[in-house]
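Work through these exercises with the model open beside you. Try each task before you read its solution.

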Amino acid sequence: MTVDPNAATQSWPSSEPGRRPGPARYLIPALVAAAVAVALGAYGKVHDPTGTAFNLAGFSSTGAVKSWLATVAFFFAIVQLVSALMVYGKLPGPSWSATLHRWSGRVAFLVAVPVAVHCLYALGFQSYESRVLWHSLLGCFFFGVFSAKMLLLRSERLPGWLLPIVGGLVFTALTILWLTSALWFFRTFGVTT
């Protein structure tokens, strides 16, 4: 199944017939993205970290829980990337590629939320070394750009390049988050549960 990336994603009434919506329609998603990222960063910075927020039975530490949940989220992000390439006709795929794309995104997000909650509540926004600073910045950026992507999905007549760019930013942020957290944890402490 292929999709025309220039096709309208949803009907959106225009204020004037025949007039294309202006670039101001991108302002709201961009402002929401910035507000989400700044709010998360500000909360993480001013909040007094508790050291722990949750642990799951069967795991040796909260670091192991976070690392495995982040790995699951990263796996589903890879499924997102591959299914997006199928939806846009860049890779061959089944007729249910779009459904796979939507559901893998939902699962990736739902698995990433407890990790983010733990990071913000238990650790806060930290900058004591470059890896941790990048992780903190990209964690805030990820949820901001994800919010913008969800809002842009409802816009009509998006430029064909916009959703792939925003989706690519979401995937890139999550990839670097995984590299600076779960992969670092597994390399430092071993692949443990």
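**Exercise 1. Burial and surface**

Task: State what share of the residues in the chain is buried, and what supplies the exposed area.

Solution. Step 1: keep in mind that this is a predicted model. Step 2: take the chain length, 193 residues. Buried residues make up 37% of them. Step 3: turn to the surface. The chain exposes about 11000 Å². Carbon and sulfur atoms supply 71% of that area.

**Exercise 2. Overall build**

Task: Give the pattern of helices and strands along the sequence, and find what share of the contacts with a separation of 6 or more joins residues 24 or more positions apart.

Solution. Step 1: count the elements. The chain has 5 helices and 0 strands. Step 2: read along the sequence. The pattern is α-α-α-α-α. Step 3: look at the contacts with a separation of 6 or more. Residues 24 or more positions apart account for 77% of them.

**Exercise 3. One tryptophan**

Task: Place Trp134 in its helix. Is Trp134 buried or exposed?

Solution. Step 1: find the helix. Trp134 lies in α4, which covers residues 130-152. Step 2: check the accessibility. The cut-off for exposed is over 50%. Trp134 has a relative accessibility of 53%, so Trp134 counts as exposed. Step 3: pick a residue elsewhere in the chain. Leu177 is 43 residues from Trp134 along the chain, yet their C-alpha atoms are separated by 8.2 Å.

**Exercise 4. The α4 and α5 pair**

Task: How are α4 and α5 oriented to each other?

Solution. Step 1: locate α5 at residues 162-189. Step 2: take the geometry. The axes of α4 and α5 are 9 Å apart, and the packing angle is about 150°. Step 3: apply the cut-off. Angles over 145 degrees count as roughly antiparallel. Therefore α4 and α5 are roughly antiparallel to each other. Step 4: add the handedness. α4 passes α5 in a left-handed crossing. Step 5: sort the residues of this contact by class. There are 16 nonpolar, 5 polar and 2 charged.

**Exercise 5. The α3 and α4 pair**

Task: Which term describes how α3 and α4 lie to each other, and which residues meet?

Solution. Step 1: locate α3 at residues 97-123. Step 2: take the geometry. α3 and α4 pack at about 140°, with axes 12 Å apart. Step 3: name the arrangement. α3 and α4 are therefore oblique to each other. Step 4: add the crossing. α3 passes α4 in a left-handed one. Step 5: list the partners. From α3, His101, Phe109, Ala112, Val113, Ala116 and Cys119 take part. They meet His135, Phe143, Phe146 and Lys149 of α4. Step 6: sort this contact by class. It has 7 nonpolar, 2 polar and 1 charged residues.

Terms used. Residues numbered from 1 in each chain as written. Predicted model: local features only at pLDDT ≥ 70, side-chain atom pairs only at ≥ 80, totals over all residues. Heavy atoms only, no water. Helix = DSSP H or I, 4+ residues; strand = E, 2+ residues; numbered from the N terminus. Buried < 20%, exposed > 50% of the residue type's maximum accessible area, 1.4 Å probe, protein only. Contact = heavy atoms within 4.5 Å. Areas by Shrake-Rupley, 256 points an atom, 1.4 Å probe, with all protein chains shown as cover. Axes fitted to C-alpha atoms, helices over the stretch in contact; angles between N-to-C directions. Parallel < 35°, antiparallel > 145°, perpendicular 65-115°, else oblique. Left-handed = near helix turned anticlockwise from the far one by under 90°. Nonpolar A, V, L, I, M, F, W, Y, C, P; charged D, E, K, R; others polar.
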